[in-house]
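The exercises below ask you to locate particular side-chain pairs and then to reason about where they sit. Work through each task with the sequence and model at hand before reading its solution.

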Amino acid sequence: MRLKLVALGLALATSTFAGDIYSQGTYFGELIKISFKGKGNQKVFEGYLELPSGEIWKFNTLNGEVIKRLTHFVRVEYVQPEKEGEAFKGATTPYNAVRFTSVKVFRLHRIYKLSRDKVAEFIKQGYNYSHGFRCGRVEKIAITEFKTGWFSKKKAMNLSLALTNIYGLPATEDGKPIVWHAIVPSNTSQSGFFENFEEGQREDLYNILLTNMGKFVCIEYLQREPNPKDPFNYRVVGVYKVER
């Protein structure tokens with residue numbers, strides 16, 4: 001009976017392919033990045049699986065349960081269409097992950113959270129291109145002044161997150177370490193990030209990232225459609241630590 005269900009699952013998963021299956025198989029590693037676009041049943045997920053070698057394997061899936069497995073070490077079964085290209089409409093890779101089996105589980109504990117109203121406000125402002133999570137170690141944070149117009153400037157947080165697995169193994173692509181760089185506006189002030197180093201006063205988000213530098217964290221973000229003329233493409237809406 002189980003074999004029949006597995007076969008049915010693979011058949012359903014490949015129903016969007018234009019051609020026959022080129023390959024199917026299984027990868028093993030830790031889920032360190034998940035993002036998605038779309039709404040409701042139309043969501044398309046993209047994931048990074050860090051393999052034991054440190055290299056990442058990128059995949060797509062229509063299975064929303066992948067978010068619950070962030071930071072898990074998993075076996076991922078996939079199918080690939082015969083012709084090289086997107087796995088299905090809206091996909092960004094030729095791989096369709098159809099089943100996830102957790103081998104080692106880690107629980108996430110949220111240490112920073114924006115209110116739902118604030119998140120909804122950012123989505124209305126255009127931060128609705130993508131919603132995702134990236135995990136690793138914060139290697140740099142800085143308050144930097146950016147030009148926003150001919151005569152206007154705004155301070156924002158310059159954030160660099162080195163993607164790693166929970167044990168510190170750097171994630172690599174073509175042998176090069178992957179570092180996520182984001183310029184993050186203030187979540188509390190329209191005029192920009194504030195700081196007072198003499199009195200040790202900084203915004204909560206900055207303090208939390210500062211305190212947890214060098215530790216494994218996952219950062220939840222909203223992204224608007226990239227605009228090279230405006231650097232403020234991300235909003236950090238959550239930070240998580242792993243409970244061992």
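**Exercise 1.** Determine which residue forms a salt bridge with Lys118, and establish whether Lys118 is buried, partly exposed or exposed.

*Solution.* In this predicted model, the partner is Glu121, and the closest N and O atoms of the two residues are 3.8 Å apart, which falls within the 4 Å cut-off for a salt bridge. Next, place the pair: Lys118 and Glu121 both belong to helix α2 (residues 116-124), where they are three residues apart, about one turn of the helix. Finally, turn to accessibility: Lys118 has a relative accessibility of 22% and therefore counts as partly exposed, while Glu121, with a relative accessible area of 31%, is partly exposed.

**Exercise 2.** The structure holds five salt bridges; for the one between Glu46 and Lys33, find which strands the pair ties together.

*Solution.* Begin with the distance, which is 2.7 Å from N to O between the side chains of Glu46 and Lys33. Glu46 lies in strand β2 (residues 44-50) and Lys33 in strand β1 (residues 21-37), so the pair ties together parts that are 13 residues apart in sequence. As buried means under 20% relative accessible area, Glu46 counts as buried at 18%, and Lys33 counts as buried at 3%.

**Exercise 3.** Identify the salt-bridge partner of Glu77 and state how far apart in sequence the two residues are.

*Solution.* The partner is Arg99, with the closest N and O atoms 3.0 Å apart. This pair links distant parts of the chain, since Glu77 is in strand β4 (residues 73-81) and Arg99 in strand β5 (residues 96-104), 22 residues apart. Glu77 itself is partly exposed, its relative accessible area being 25%.

**Exercise 4.** Find which cysteines the disulfide joins, and work out its handedness from the torsion about the S-S bond.

*Solution.* The structure holds one disulfide, which joins Cys135 to Cys218 with an S to S distance of 2.1 Å. The torsion about the S-S bond is about 105 degrees, so the disulfide is right-handed. Cys135 lies in strand β7 (residues 130-147) and Cys218 in strand β14 (residues 216-223), so that the pair links distant parts of the chain, 83 residues apart. Both cysteines, Cys135 and Cys218, are buried.

**Exercise 5.** Describe where Asn165 lies and which backbone nitrogen its side chain reaches.

*Solution.* Asn165 is in the loop between β8 (153-163) and β9 (172-173), and at 8% relative accessibility Asn165 counts as buried. Its side chain reaches the backbone nitrogen of Leu169 at 2.9 Å. Leaving aside neighbours within four places in sequence, Asn165 is in contact with residues including Glu30, Arg137 and Phe216.

Note on methods. Residues are numbered from 1 along each chain as its sequence is written. This is a predicted model: local features need pLDDT of at least 70, side-chain atom pairs count only at pLDDT 80 or more; totals for chains, interfaces and linings use all residues. Side-chain values use heavy atoms; hydrogens and water are left out. A disulfide is a pair of cysteine sulfur atoms within 2.5 Å. Helices (H or I, at least four residues) and strands (E, at least two) are DSSP runs, numbered from the N terminus. Buried means under 20% relative accessible area, exposed over 50%, partly exposed in between (1.4 Å probe, protein chains only). A polar contact is a pair of N or O atoms within 3.5 Å; within protein, one must be able to donate a hydrogen and the other to accept it, and residues adjacent in sequence count only if both atoms are side-chain atoms. Contact means heavy atoms within 4.5 Å.
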